[in-house]
Amino acid sequence: MSLLSKTLDRVKPSPTIAMTTKALELKAAGRDVIGLSAGEPDFDTPQNIKDAAIAAINAGQTKYTAVDGTPALKQAICAKFQRENGLSYEPSQVTVGTGGKQILYNAFMATLNPGDEVIIPAPYWVSYPDMVLLAGGTPVVVEATLENRFKLTPEQLEAAITPKTKWFLFNSPSNPTGAGYTRDEVKALTDVLMRHPHVWVMTDDMYEHLVFDDFVFATPAEVEPQLYDRTLTVNGVSKAYAMTGWRIGYGAGPVQLIKAMAKVQSQSTSNPCSISQAAAVEALNGPQDFIEGNKAVFQRRRDLVVGMLNAATGVTCPVPEGAFYVYPDISACIGKTSKAGTLIDSDEAFATALLEEHGVAVVFGAAFGLSPNFRVSYATADEVLKDACTRIQAFCAELN
């Protein structure tokens, strides 16, 4: 009898974590390595949020809470959805987990049966398909290509829907591409979904506040109110509030779904950290002005990275609407050989050779379901980004 579950054979470890780990190992060995693989803001958590956590500790808020969130945090989440998205939810329609990932995972575990399909546009966040597989479902990956600016078309969505489709998983702005869907583009997709009442919508809005230029964020249940009763809207405090380590994500949807997700959580992790929840209340209810300042920094970094990568031989890098990633195409690099003699026959070979020869850690496109590309996270200092992009330019110039 095998020790390990056969279910585990269906999934793979996170490639982003694997690349970050490899970069750290090289650094520990004395190599000069720049890591651009982790999706984490380099800003510190705002002081008022940290103060709220300290106050919670001093007030003795160190006990178990309700399984899926404190009443105070659920009220703050309801207020956020009403204030920023025009969506009205009651606390009974809100769930809180240890990061947005747990919210997505709980939803899949609570709803998927063998044979149920989940439509996932590619490029996708690396965990989406594997969470579906762990829950016993079937990922249906639909490629959104560079020609369409990495955005799914209504025609592609229509063609992917079958009687077995349970969920459509939507992420805008996107990890890994930064592509954001305009309100009209969201409406075109929701028009398709209105024709298929058996399909539920799971929308990952984690990068809602990190949008640039004149882009205006819109979420499906806001754009098409008739989808409200079959939409799970997911968000969190990790990216906009620089609170990745605090591990707080949340979602809102129909009561029946939220109760089922709470049942899953009650038999896995139970409640999120009580201190982190107190901090999240302050994040959502407190001053929001620092977000604009952080956005300006990210936009400057985006423009720096896009400009330098487009100056690299064989690289095409579109300008993303949001998040803090770019997803350059390296079709013109495939088939060439690096200075050290490595055949660049895939984007994984490109990323590996780049790390080993020039000390820059990026994540290869195959991990996100669309090749040949790689993802750069520009959530780091300008001078580090300049150094990294200069190294990428040098690596690409050496390919022959």
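Helices (H or I, at least four residues) and strands (E, at least two) are DSSP runs here, numbered from the N terminus. The model is predicted, so local features need pLDDT of at least 70 and side-chain atom pairs count only at pLDDT 80 or more, while totals for chains, interfaces and linings use all residues. Residues are numbered from 1 along each chain as its sequence is written, and side-chain values use heavy atoms, with hydrogens and water left out.

**The seven-stranded sheet**

Select β2, β8, β7, β6, β5, β3 and β4, in that order: these seven strands form an open sheet of mixed pairing, where two strands pair if DSSP finds at least two bridges between them. At its edges are β2 (94-97) and β4 (138-143), each paired on one side only. From one strand to the next the twist averages 20°.

Start at β2. Its partner is β8 (residues 249-252), antiparallel over four bridges; Thr 95 stands opposite Gly 251.

Move to β5 (165-171). Six of its seven residues are buried, so β5 is largely enclosed by the rest of the structure; buried means under 20% relative accessible area, exposed over 50%, and partly exposed in between (1.4 Å probe, protein chains only). Strand β3 (residues 117-122) pairs with β5 in the parallel sense over three bridges, and Ile 119 has Phe 168 as its bridge partner. The pairing of β5 with β6 is also parallel, over five bridges, with Asn 171 partnered by Asp 204 in β6.

**Helices across the sheet**

Add α9 (residues 255-266), which lies across β2, β5, β6 (200-204), β7 and β8 and runs at about 25° to β2. Then add α3 (residues 71-85), lying across β2, β7 (231-236) and β8, at about 115° to β2. Axes are lines fitted to C-alpha atoms, for helices over the stretch in contact, and angles run from 0 to 180 degrees between N-to-C directions. Contact means heavy atoms within 4.5 Å.

Next, pick Asn 106 in α4 (residues 100-111). Is Asn 106 buried or exposed? Asn 106 is buried, at a relative accessible area of 1%. Leaving out residues up to four places away in sequence, Asn 106 touches Met 261, Val 264 and Gln 265.

**The cores**

Show Phe 108, Met 202, Leu 232, Leu 309 and Phe 350: of the 76 residues in the largest nonpolar core, these touch the most other members. A nonpolar core is a set of buried Ala, Val, Leu, Ile, Met, Phe, Trp, Tyr and Cys residues joined through side-chain atoms within 4.5 Å. A second, separate core has 29 residues, including Ile 248 and Ile 291. Beyond its neighbours within four places in sequence, Phe 108 contacts Val 118, Met 131, Val 132, Ala 135, Trp 167, Leu 169 and Met 202.

**The largest pocket**

Which residues lie nearest the centre of the largest pocket? They are Gly 39, Lys 101, Trp 125, Lys 239 and Arg 247, from a lining of 27 residues. Elements giving two or more residues to this lining are α1 (15-28), α4 and α5 (127-134). A pocket, on a 1 Å grid over the protein atoms alone, is an open set of points where a 1.4 Å probe fits, with protein on both sides within 12 Å along at least five of seven lines; lining residues have an atom within 4 Å of a point.

**The three-stranded sheet**

Finally, select β9, β12 and β11, an open antiparallel sheet in that order. Strand β9 pairs with β12 (residues 374-377) over two bridges, and Val 326 stands opposite Val 376.
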